[in-house]
Each structure stands twice: as structure tokens, then as C-alpha cells.
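Q: Got a minute to go through this one with me? I'd like to start with how the helices pack.

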Amino acid sequence: MQIQKILLGLILAVMSSLCNAQKVTIVINHLDSTKCNNVTINDLNPFSWNNFLNDFSPIYSHKILVKGQSIIYQSNVKTHSEKCLYNPYFFQNITIGIPSNIFLTKGDHITATLKSNGEKMYFYFEGKNAAHYNYKTEEELANMPKPQNRQKGEDLLKYKKKWIDYKNLRLSFLNGFCMKNQVSKDFILWAKASIENSYTLAVYYSAYCYKDESTKIPRSYFNDCKFLKEDYRGYHLALFYKYIKYYSSNINNNIDLIYNNICKIFEGDDKEYLLTSLIGEYAKTYKPDKEQTFRSLIKKTNPLIKNKLYRTFLMKAFDYCMILNRPFPDKLLTVSIEKYGSDSISTLSEVLKQYKNKKIYIDFWASWCYWCCNDILLSHDAKEFLKQKDVVYLYWSSDKRKKDWKNAVNKYNITENQYRLINSKDLWDYLSIVGIPRYIILNNNHQIINSDAPRPIPNDLESLKNEINRIPAF
């Protein structure tokens with residue numbers, strides 16, 4: 001039976017009282033190398049919750065090949081601000097379905113063992129503060145009924161009641177967990193804050209989605225919402241939805257209004273985070289005719305941002321927007337690329353010339369990427385649409401091993417317009433690619449119209465159609 005690789009976010013949420021680098025050791029035992037070929041440990045950041053923003057995030061990956069059944073990883077845990085530590089590490093590409101948040105304290109030595117309860121696979125953690133590490137896993141295994149996304153037309157107050165009940169279930173579980181286990185006061189503060197911030201986010205998110213409907217939202221709807229800094233990542237995300245997403249449904253037309261409101265209410269790190277996030281949201285729908293506005297926005301914001309992580313984000317967002325409606329620069333046209341079925345190596349320039357005056361949809365993928373292959377399996381309708389619109393579908397693989405690439409190409413029957421990038425680092429850097437699958441759209445002149453295009457899957461098909469249909473006729 002084919003083993004399905006499911007992304008695991010093993011997130012280490014670190015207590016806010018740690019302001020200096022502290023050694024944390026993680027040992028993972030009993031791994032099956034037939035299920036898990038490698039583990040990648042990434043340094044996370046405050047923008048990792050949003051796919052678009054995550055593409056701009058300064059992520060430092062530590063890839064570890066699984067040899068035998070154990071992995072030992074040791075790293076310094078570093079703060080991103082004076083007040084807190086953002087969730088700094090997670091493991092990915094492990095065959096498991098449950099994300100596990102871990103509360104760390106300085107000097108922790110953690111042993112993680114892959115287990116199964118017959119229905120789900122999960123990590124069981126051991127160490128000095130084992131209860132801290134296992135809390136989120138045990139909460140997930142308790143299978144508390146989490147509310148589904150609100151359906152259009154569903155009564156807002158009744159929907160909110162579902163989240164109130166869910167929040168109370170989680171708080172009750174936490175109280176029972178703390179009675180049975182030895183936990184610190186800091187852990188309890190973090191766990192409660194995480195529950196409250198998650199509830200607040202759900203309330204504002206449902207209200208944000210509800211704004212398109214005609215019924216007025218009661219003023220008292222938000223009265224019980226809390227924003228608690230003990231869970232700093234959840235706190236920031238809740239702020240983001242209240243002061244950016246919910247504050248105005250049209251960021252492009254109200255950017256100054258939202259910007260000024262943030263400056264009026266906030267100071268310090270909260271202000272820097274929200275302004276940076278606002279610019280990220282504006283960049284998501286950036287159009288070249290807004291270049292002057294965007295440049296002015298960056299110019300007036302830069303002096304206000306002291307956090308190096310946020311400043312890096314702003315630079316990446318600016319670079320992302322400035323490549324739109326422009327062709328690949330000359331230095332990238334020399335990138336080496338191999339066509340499937342041919343032993344010869346061409347340049348990117350030579351490949352693009354083969355599709356002169358054609359619109360192009362480029363799929364950055366690899367044989368080892370589960371979601372890339374999953375998208376390929378679901379792409380039939382998107383390919384039919386692109387064919388009708390005379391858009392060429394190109395595959396650009398980042399596989400290092402030619403054999404793996406060829407095997408996957410044959411397996412998924414994607415031999416047409418199939419290429420393997422030989423030296424892709426400069427190209428990835430230019431497009432701000434930190435993960436795949438990733439898709440870009442070129443117009444007939446091979447200018448980049450969208451460097452983070454919708455995926456070729458049913459859920460994104462309408463968005464993809466809109467992107468293609470808005471390309472001006474050649």
C-alpha cells in the first residue's frame with residue numbers, strides 16, 4: 001500500500017520569559033525510514049500562518065536524513081523580540097496527521113517517540129516537563145468536536161454559541177489535565193491564552209466572512225473576546241483579524257484608513273507587526289498601476305519598523321511586487337534546464353523561445369513533494385481549461401536525482417512540457433520561493449503576471465480562471 005506523506009507541524013511554543021538563547025535538545029526515536037525519508041526542522045516566525053506571507057518569511061531549514069531509527073537535534077532557542085519567543089521550530093515531511101504544539105522551558109531535553117492508537121499516529125514525548133510537551137497531543141486525541149466553517153445564511157449568534165461550547169470544552173480539558181499532571185504556572189497561562197485567542201480569532205473570522213451578508217452584526221458580538229499576550233502568536237493573529245481583515249473588507253481602497261487607525265491605537269511591537277501584516281495583505285492583491293502607492297507605503301513604514309524580521313518581510317514583499325509585469329532578468333535566462341526525453345541541457349532563454357507569444361503556467365514541483373504530486377492528480381480540469389485558453393502548462397522540477405524525476409514523470413504521465421532545473425537557486429530567490437508546489441503565470445511576452453498563482457486543483461479553479469481571463473489579449 002502506498003504510504004501517504006502528510007505534513008506535520010510539530011510546533012514548539014516557547015514560554016515568553018525566555019529572553020536569551022537556551023539549548024534545547026530533541027531526540028526522535030522509532031522512525032520508520034520507509035515512511036519518513038527525511039525530517040526538516042524549520043525556524044518559524046510570526047507570519048507563518050498565511051501561505052502568501054510565509055513565502056516571504058526568513059525560514060532557515062535544517063534537513064536531516066533519516067538513517068536508522070533515531071534523530072538527535074540540538075539548537076539554540078532565540079527570541080524574535082524582547083517580550084516573547086515565537087514558535088521557533090517544527091518538523092515536516094513525517095508520515096503523521098496530528099500537529100503537536102509543544103511548550104518549552106530553558107534547557108529542556110525532549111525525547112519523541114512515534115506511536116499509534118489504532119486510528120491516528122502521534123508523537124509521545126518524554127523529558128523533565130513531559131506534561132508540557134504532551135498537552136496538545138492529548139487534547140487532539142480527545143477528539144473534542146470543533147465547529148466547522150460557518151455556512152452562508154447560518155445564524156451568526158447560533159454559530160458563535162458553537163465556539164463558546166468548544167472553548168469551554170477545551171478549558172475543562174485543560175483544568176483536568178492540570179489536576180492530573182505537574183505543570184508550571186507559565187504553562188497554564190500559555191495554554192489558557194491559546195484557547196482564548198483561538199476563540200477570539202474564530203469570532204472575528206466568522207464576522208469577517210459575514211460582512212458580505214446583509215444582516216447587521218450586533219455591537220455586543222465581540223464583548224467576550226480576549227487578546228492575551230501569553231500566547232503571542234495567537235494574540236497577533238487575533239489582532240490581525242480585528243484591525244485589518246475585519247476593519248475593512250476592501251484593503252486596497254481603505255489602506256490609509258486602516259494604516260492610520262493602527263498608528264493611532266498601537267505602539268511598539270504590536271504596531272510594527274500590524275503595519276507589516278497590512279503591507280503584506282496589500283501586496284497580495286498588488287497591481288502594477290499601484291506601484292507609486294506601494295512605494296510610498298514602504299517608504300513611510302520602514303523608519304517605524306525596528307524588528308529585523310519584520311524589515312526583512314517588508315523587503316521581500318517589495319521585491320515580490322516589483323517583479324510583476326516584468327520579464328525574467330538576463331542573469332536568470334542562463335539558468336540550465338533539462339527537457340524530459342532529451343540528454344541535452346538548455347538555458348531558460350532557449351526554453352522560453354520554444355513557446356514564443358504563448359501564455360505560460362509554470363508548475364514548480366518535485367517527485368518527493370507530496371502536495372505537488374497531489375496537485376498533479378487533481379489537475380485534470382485545470383489543464384483542460386488552460387488548453388482551451390491556449391495557455392502552455394510547463395513542469396519545472398527541482399529534483400536533484402534524475403532517476404527520481406523520471407520515475408515520477410512516468411508514474412503521473414506528465415511527460416509533455418516537462419523540465420528539470422539544474423541550478424535553480426537564483427531563480428527561486430528571485431521569485432521568493434521557499435516551498436513547493438508553487439505556480440507562476442507569464443503573459444504572451446513572458447512577463448510575470450502572477451508569481452504565486454492559484455493551484456490547478458478544483459478548490460482553486462475559479463481563482464485560476466479569473467487570473468487567466470484577466471490577461472490582456474495579445
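Q: So how do H2 and H4 run relative to each other?
A: They're roughly parallel, because their axes cross at roughly 20° and anything under 35 degrees counts as that. Bear in mind that this is a predicted model.

Q: How close do the axes of H2 and H4 come, and what's the handedness of the crossing?
A: The axes of H2 (residues 130–141) and H4 (residues 185–210) come within 11 Å, and the crossing is right-handed.

Q: Which residues make the contact?
A: From H2 you've got His132, Tyr135 and Lys136. H4 puts in Phe187, Trp190, Ala191, Ser194 and Ile195.

Q: Switching to the cores. In the largest nonpolar core, which residues touch the most other members?
A: Phe328, Phe364 and Trp396, out of 102 residues in that core. There's another core lying apart from it, with 12 residues, among them Phe177, Cys178, Ala191 and Ile195.

Q: Wait, were Ala191 and Ile195 in the helix contact too?
A: Yes, both are on the H4 side of the contact with H2.

Q: And Trp396, what is it in contact with, leaving aside neighbours within four places in sequence?
A: Ile337, Leu348, Ile362, Asp363, Phe364, Trp365, Tyr419, Leu421 and Leu427. Phe364 also shares that top group for touching other core members.

Q: OK, H12 next. Which of its residues are buried?
A: Ala382, Phe385 and Leu386, in a helix that covers residues 380–388. They span an arc of only 95° around the axis, which means they sit on the same side of H12.

Q: Why would residues three or four places apart point the same way?
A: An α-helix has 3.6 residues a turn, so that spacing brings them back round to the same direction.

Q: What's exposed on the other side of H12?
A: His380, Lys387 and Gln388.

Q: And what covers the buried residues of H12?
A: The cover includes strand S12 (359–365), strand S13 (391–397) and helix H15 (461–469).

Q: What follows H12?
A: Asp390, and its phi is positive, near 60°.

Q: Different spot: where is Asn410, and what does it touch?
A: Asn410 is in helix H13 (residues 402–412). Not counting residues up to four places away in sequence, Asn410 touches Tyr340 and Thr415. At 45% relative accessibility, it counts as partly exposed.

Q: Last one, the overall numbers. How many helices and strands, and how much is buried?
A: 15 helices and 16 strands, with 52% of the 474 residues counting as buried. Among contacts with a separation of 6 or more, 70% are between residues 24 or more positions apart.

Notes:
Residues numbered from 1 in each chain as written. Predicted model: local features only at pLDDT ≥ 70, side-chain atom pairs only at ≥ 80, totals over all residues. Heavy atoms only, no water. Buried < 20%, exposed > 50% of the residue type's maximum accessible area, 1.4 Å probe, protein only. Helix = DSSP H or I, 4+ residues; strand = E, 2+ residues; numbered from the N terminus. Arc of directions from axis to C-beta. Contact = heavy atoms within 4.5 Å. Core = buried A, V, L, I, M, F, W, Y, C linked by side-chain atoms within 4.5 Å. Axes fitted to C-alpha atoms, helices over the stretch in contact; angles between N-to-C directions. Parallel < 35°, antiparallel > 145°, perpendicular 65-115°, else oblique. Left-handed = near helix turned anticlockwise from the far one by under 90°.
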